[in-house]
Amino acid sequence: MYTDPIADYLTRIRNASAAKKKIVEIPGSNIKRAMTQILFDQGYITDFKFEEDDKQGVIKIALKYNQSTKVPAITKIERISKPGLRKYSNADEMPRVMNGLGIAIVSTSKGVITDKEARKENVGGEVLCYVY
């Protein structure tokens with residue numbers, strides 16, 4: 001039993017990419033599905049698949065690497081808002097990750113979106129993690 005499922009999700013991705021794994025399996029949830037979709041849309045992962053089972057389902061993520069150097073596309077994935085200390089940001093003060101080269105995944109009233117989309121839609125929310 002783990003207390004922070006999002007931190008577990010990020011740690012599984014971080015560990016699998018450090019071990020040069022092609023595929024990582026993660027227990028599913030709606031917020032993890034939304035985060036996986038964002039990682040795919042932004043080009044940080046190659047592919048993903050949601051598999052339903054009797055319980056919560058499983059997310060299978062195909063990690064992305066540079067063809068020649070085998071360097072992972074995700075160099076750093078970091079949890080920002082933790083269960084013990086939540087970090088919120090409004091649209092004006094939305095963080096810029098590596099001056100716009102990375103993304104921040106934000107949970108807003110309009111769903112789980114990137115920091116760029118949150119600025120465009122002028123909504124704030126809980127900053128879940130940074131990816132670059």
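Helices and strands are DSSP runs, with at least four residues for a helix and at least two for a strand, numbered from the N terminus. In this predicted model, the protein has 3 helices and 8 strands. Their order from the N terminus is α-β-α-β-β-β-β-β-β-α-β. The radius of gyration is 15 Å, which agrees with the value near 14 Å for a compact globule of 132 residues.

**Overall dimensions and surface**

- Along the principal axes, the C-alpha atoms occupy a box of roughly 40 × 40 × 25 Å.
- Of the 132 residues in the protein, 41% are buried.
- The exposed area of the protein is about 7700 Å², and 50% of that area comes from carbon and sulfur atoms.
- Among contacts between residues at least 6 apart in sequence, 62% join residues at least 24 apart.

**Charges and salt bridges**

- The protein carries 22 positive and 16 negative charges, and the mean positions of the two sets lie 6 Å apart.
- A salt bridge is counted when a side-chain nitrogen of Lys or Arg is within 4 Å of a carboxyl oxygen of Asp or Glu, and the count comes to 9 salt bridges.
- Four residues, Glu25, Lys49, Glu51 and Lys60, are linked in a network of salt bridges.

**Arginine 79 and aspartate 4**

- Arginine 79 and aspartate 4 form a salt bridge through their side chains, with an N to O distance of 3.1 Å.
- Arginine 79 is in strand S4 (residues 77–79) and aspartate 4 is in the segment before helix H1 (5–18), so the salt bridge ties together parts that are 75 residues apart in sequence.
- Arginine 79 counts as buried because its relative accessibility is 10%, and the cut-off for buried is under 20%.
- Aspartate 4 is buried as well, with a relative accessible area of 14%.

**Glutamate 51 and lysine 49**

- In the salt bridge between glutamate 51 and lysine 49, the closest N and O atoms are 3.6 Å apart.
- Glutamate 51 is partly exposed, at 27% relative accessibility.
- Lysine 49 is also partly exposed, at 49% relative accessibility.

**Glutamate 121 and lysine 110**

- The side chains of glutamate 121 and lysine 110 form a salt bridge with an N to O distance of 3.3 Å.
- This pair links distant parts of the chain, 11 residues apart: glutamate 121 is in helix H3 (residues 115–121), and lysine 110 is in the loop between strand S6 (103–108) and strand S7 (111–114).
- Glutamate 121 counts as partly exposed, at 39% relative accessibility.
- Lysine 110 counts as exposed because its relative accessibility is 52%, and the cut-off for exposed is over 50%.

**The loop between S5 and S6**

- Methionine 94 lies in the loop between strand S5 (88–89) and S6.
- With a relative accessible area of 5%, methionine 94 is buried.
- Beyond residues up to four places away in sequence, methionine 94 touches Ser89, Val106, Asp115, Ala118, Arg119, Val123, Gly124 and Gly125.
- Methionine 94 and lysine 116 are 22 residues apart along the chain, and their C-alpha atoms are separated by 8.5 Å.
- Methionine 98 is in the loop between S5 and S6, and has a positive phi of about 50 degrees although it is not a glycine.
- Methionine 98 is partly exposed, with a relative accessible area of 43%.
- Asparagine 99, in the loop between S5 and S6, has a positive phi of about 60 degrees and is not a glycine.
- Asparagine 99 counts as exposed, at 67% relative accessibility.

**Threonine 36 in helix H2**

- Threonine 36 is part of helix H2 (residues 30–41).
- Threonine 36 counts as buried, at 0% relative accessibility.
- Apart from neighbours within four places in sequence, threonine 36 is in contact with Tyr9, Ile45, Phe48, Ile59 and Ile61.

Terms used:
Residues are numbered from 1 along each chain as its sequence is written. This is a predicted model: local features need pLDDT of at least 70, side-chain atom pairs count only at pLDDT 80 or more; totals for chains, interfaces and linings use all residues. Side-chain values use heavy atoms; hydrogens and water are left out. The radius of gyration is taken over C-alpha atoms; the globule rule is 2.2 Å times the number of residues to the power 0.38. Buried means under 20% relative accessible area, exposed over 50%, partly exposed in between (1.4 Å probe, protein chains only). Contact means heavy atoms within 4.5 Å. Accessible areas come from the Shrake-Rupley method with a 1.4 Å probe; for residues, only the protein chains shown count as cover. Lys and Arg count as positive and Asp and Glu as negative; His and the chain ends are not counted. The place of a charge is taken as NZ of Lys, CZ of Arg, CG of Asp or CD of Glu.
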